[in-house]
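Subject: Structure handover

Hello,

I am passing this structure on to you. Please open it before you read my notes.

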Amino acid sequence: MTNYKNVEALREFDTPLLVVDLDDVEENIDRMMKRFLRFSNVAVRPHQKTAKSPAFARMILERGAKGICVAKLSEAEVFVRDGIDDILITTEIAGELKLARLMALLKHAPNLKIVVDNRMVVNELQKAIQAAGYRGTLIILIDYNVGQDRTGVETEEDVLSLAKSISECSFLELIGIQGYEGHLQHLDSSTREARCRQAMEKLVSAANALRGNGFDISVVTTGGTGTAEICASVDGITEVQPGSFIFMDVAYRNATAGAYRNALKLVSTVISKPSKNRAVIDAGTKSLSIDMGNAEPCERPDWTYRPAGDEHGVLESATGEIDLVVGDRVALWPSHIDTTVALHDYFHVVRDNAFIGAWPIAARGKVQ
Ligand SMILES: Cc1ncc(COP(=O)(O)O)c(C=O)c1O
């Protein structure tokens, strides 16, 4: 049973196995870059919280991306070690340990950018840089809540007041504002577009208010795979941060209908066949994340997959028999790519029927 390409090339590797098709990845990067070329004032800074791999980040940078985003300091450390230095960390940094880690990293990556949404952290950053004897300035963006109700200051007044605090810190350089609308990524397309435009209006208005108050704001950054194109079409947005487009998943395939190819699948083995209509595979919640629903068997819409514990998964057929025997291999599309990739050590990279290599997921486990 071979319901996926590249099967022969992967026979020597045991499962569960993440398999990435390089043709599909290249096509996705090309499609993404082409989409944003239309917007001459918008740079692309793809988020690397998805692939967690300098090898894939380099492919994107070589195709014209301005820089990258990461979610966490420990992820940034991996990419800096690999020689990539134009990095925006999109999650707030707080607490003594993280600040110390940031100071150590800054010495190797003076182009590093971080987001802040808190005056106390601004003051602590200033003191930490002074204490570290760092000679440059730390590049700062204000994180603004454009509706996700996660991080970010709440009002335009708060943005201006935080900007004033930053401007009083000689070691901090305010260059921009970030407003991420993660809550809109998977909505139906017309609702997504309408609500994204509202969110972008809020973001651009705050950027303009900053400029009106004398702040030199050159970066207005936002957008994920589901919204980046809408964001880019709004006057005043200067940068987009899509991440999942590189591999895609079931949730994004359903939301963005054909925008990108599903380039990553999980290959599993049938380890038990207790009945005609049920096959048990070696992939449960330790191999496939379930925070956005269940994975889907590739090319078998008549089958369903459900996790049956940490190590097991069950395939069932709505229409009758599952025509698999023990030892067969089955491929599945993950429902949510970021949280699935983070469970594995390697991508098994293929092109046509050739195995290219096992590429480490170098920032796997880097959640600090
Ligand atoms: C701040 C920020 N920007 C961009 C992204 C990329 O979004 P996606 O992977 O949905 O394209 C994320 C994802 O969580 C994010 O948190």
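Below is what I found, starting with the pockets and ending with two backbone details.

Please keep in mind that this is a predicted model.

The largest pocket

Start here. This pocket holds about 580 Å³ of space. Its lining is made up of 33 residues. Closest to the centre are His47, Lys49, Gln148, Arg150 and Tyr180. By class, the lining has 19 polar residues. Seven charged and seven nonpolar residues complete it.

Where does the largest pocket lie with respect to domain 1 and domain 2? Domain 1 covers 8-20 + 258-360, and domain 2 covers 23-243. Both give residues to the lining, so the pocket lies between them.

The second largest pocket

Next, the runner-up. Its volume is about 270 Å³. Here 18 residues form the lining. Nearest the centre are Arg192, Thr225, Gly226, Glu229 and Thr256.

Which helices supply at least two residues each to this lining? They are α1 (22-37), α7 (189-212), α8 (228-232) and α9 (250-256). By class, eight of the lining residues are nonpolar, six are polar and four are charged.

The ligand

There is also a ligand to look at. It is surrounded by 14 residues. The closest are Thr225, Gln241, Gly243, Ser244 and Tyr252. Thr225 is also among the residues nearest the centre of the second largest pocket.

Now the polar contacts. The side chain of Gln241 has an N or O atom 2.6 Å from a nitrogen atom of the ligand. For Tyr180, a side-chain N or O atom is 3.2 Å from a ligand oxygen atom. Arg150 has a polar side-chain atom 3.3 Å from an oxygen atom of the ligand. Tyr180 and Arg150 appeared above too, among the residues closest to the centre of the largest pocket.

How much of the ligand's accessible area does the protein cover? On its own, the ligand has 390 Å² of accessible area, and the protein covers 91% of that.

Two backbone details

First, look at Thr15 and Pro16. A cis peptide bond joins them, with omega at about -5°. Pro16 sits in the segment before β1 (17-21).

Then go to Asp149. Its phi is positive, at about 55°, although Asp149 is not a glycine. Asp149 lies in the loop between β6 (138-143) and α6 (156-167).

Over to you.

Best wishes

Key:
Residues numbered from 1 in each chain as written. Predicted model: local features only at pLDDT ≥ 70, side-chain atom pairs only at ≥ 80, totals over all residues. Heavy atoms only, no water. 1 Å grid on protein atoms, 1.4 Å probe; cavity = no way out; pocket = protein on both sides within 12 Å on 5 of 7 lines; lining within 4 Å. Points joined across faces, edges and corners; volume = space filled by probe spheres on them. Nonpolar A, V, L, I, M, F, W, Y, C, P; charged D, E, K, R; others polar. Domains from an automatic or database assignment. Helix = DSSP H or I, 4+ residues; strand = E, 2+ residues; numbered from the N terminus. Near = heavy atom within 4 Å. Polar contact = N/O pair within 3.5 Å; in protein donor to acceptor, adjacent residues only side chain to side chain. Areas by Shrake-Rupley, 256 points an atom, 1.4 Å probe, with all protein chains shown as cover.
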